[in-house]
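Hi there,

Here is the structure I promised to send over. Have a look at it first, and then read on for my notes.

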Amino acid sequence: MRIFSFLLLFFSFQPAYGVEIITHKPPFAGDKQSRTITYQPLTTASKPWKICSVYPHLKDSYWLSVNYGMVEHAKKLGVELKVLEAGGYPHLEKQQTQIKDCHQWGADAIILGTVDSTAYQGILSQLTGEIPVFATINDIDVTDPDIRKNITAKVGVDWYEMGQAAGEFLAKRHPRGSGVVNIAWLPGPSQRGGTKPVTQGFLDAVKDSDINIIKTMWADNSKELQRNLIQKLFASGQHLDYIVGGAVAAEVAISELRSNHKSDDISIVSTYLSHGVYRGLRRGKILFAPTDKMAQQAMLSLDQAVRHLEDKPIERDLSPKIEWLTPTHLPKDVIADSLSPAEFRPAFSVYNHKVRR
């Protein structure tokens with residue numbers, strides 16, 4: 001509890017000093033140039049703008065941390081925030097309905113964490129009207145003319161690089177000729193979210209190493225579904241050296257390895273950070289996880305929205321710096337930019353009592 005109380009204070013004060021961020025220009029371009037800047041977040045808004053944010057779900061601590069970063073910055077700026085979550089990546093129609101709800105609520109801006117990068121091709125403007133849209137966390141297909149016209153700015157990492165980071169970590173441990181090791185690959189849902197680029201990044205990183213993927217298993221990011229996959233994996237009797245996959249799979253793997261007396265035989269690598277993965281790293285139960293600083297990303301998306309509404313200078317295409325984490329490398333500032341405090345619970349609204357002008 002003490003460490004997360006510290007993180008709450010750290011995150012609350014950190015933006016006053018600026019944060020190192022990667023900006024891409026021209027924004028959304030395939031051949032964009034990237035450079036690191038010191039980004040100074042806003043400290044207040046000129047009025048209590050109504051910001052509506054739509055998430056794929058709040059079922060795991062990754063999106064809880066996104067929620068935290070957004071809620072804290074909304075409170076600091078003095079804007080109203082309405083949060084809607086679709087309940088999972090398969091629920092495209094529900095998310096589309098929620099975007100309409102944002103419109104009916106009278107949102108000044110919409111922050112969209114899409115359930116699928118291609119889900120809004122040709123229809124985004126029908127759902128949002130003239131409301132500016134800010135893509136957050138998950139990639140959205142800006143090559144589609146309708147999406148390109150309606151996305152004002154975006155924040156997010158290329159999830160290819162997250163998968164690549166996990167792959168590079170393993171490839172360095174097991175270079176070609178060092179001895180083949182077997183892994184099971186459990187990236188998450190098969191059709192939506194960032195699992196496709198994560199998988200491609202991982203495969204590209206390990207292709208010239210002694211990593212042998214003996215099983216690939218897909219399921220939504222719920223502990224029950226991921227636990228079922230791992231139990232099926234063990235039931236198959238195949239020899240494994242690593243379980244590699246999304247944070248939910250990594251979290252579940254810790255307890256499943258322990259209950260099956262395999263903790264000393266099979267290691268765990270995660271493709272992203274969560275509270276459970278962080279605890280696993282601290283205890284040496286998980287060997288590696290990259291973080292895309294999700295709380296920071298959420299803060300940046302809200303900041304972009306307010307900057308646009310107030311005609312202030314805006315960086316339209318931003319990414320945090322991906323950080324590699326291991327049991328011996330867990331910088332406090334990086335964790336503060338990534339995870340919500342232990343006591344934080346999902347918040348669906350921030351209401352500001354100022355009179356709207």
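Tyr242 stands opposite Ser267 in strand β11. This is a predicted model, so please read everything below with that in mind.

The strand β11 covers residues 267-270, and four bridges join it to strand β10, residues 242-245. The two strands run parallel. Helix α9, residues 247-259, belongs with them: β10, α9 and β11 make a right-handed β-α-β unit.

Next, the cysteines, which you may want to find on your screen. How many disulfides does the structure hold? There is one, and Cys52 and Cys102 form it, with their sulfur atoms 2.1 Å apart. The link of Cys52 and Cys102 is left-handed, with -60 degrees about the S-S bond. Cys52 lies in strand β3 (residues 50-55) and Cys102 in helix α3 (residues 92-105), so the disulfide ties together parts that are 50 residues apart in sequence. Are these two cysteines buried or exposed? Cys52 has a relative accessible area of 0%, and Cys102 also comes out at 0%. Since buried means under 20%, Cys52 counts as buried, and so does Cys102.

One last residue to look at is Ser301, which is found in helix α11 (residues 294-309). Ser301 is buried too, with a relative accessible area of 0%. Which residues does Ser301 touch, leaving aside those up to four places away in sequence? They are Ile111, Ala135, Thr136 and Val155.

Happy to go through any of this with you.

Best wishes

Notes
Residues numbered from 1 in each chain as written. Predicted model: local features only at pLDDT ≥ 70, side-chain atom pairs only at ≥ 80, totals over all residues. Heavy atoms only, no water. Disulfide = S-S within 2.5 Å. Buried < 20%, exposed > 50% of the residue type's maximum accessible area, 1.4 Å probe, protein only. Pairing = 2+ DSSP bridges. Right-handed = clockwise from strand over helix to strand, strands pointing away. Contact = heavy atoms within 4.5 Å.
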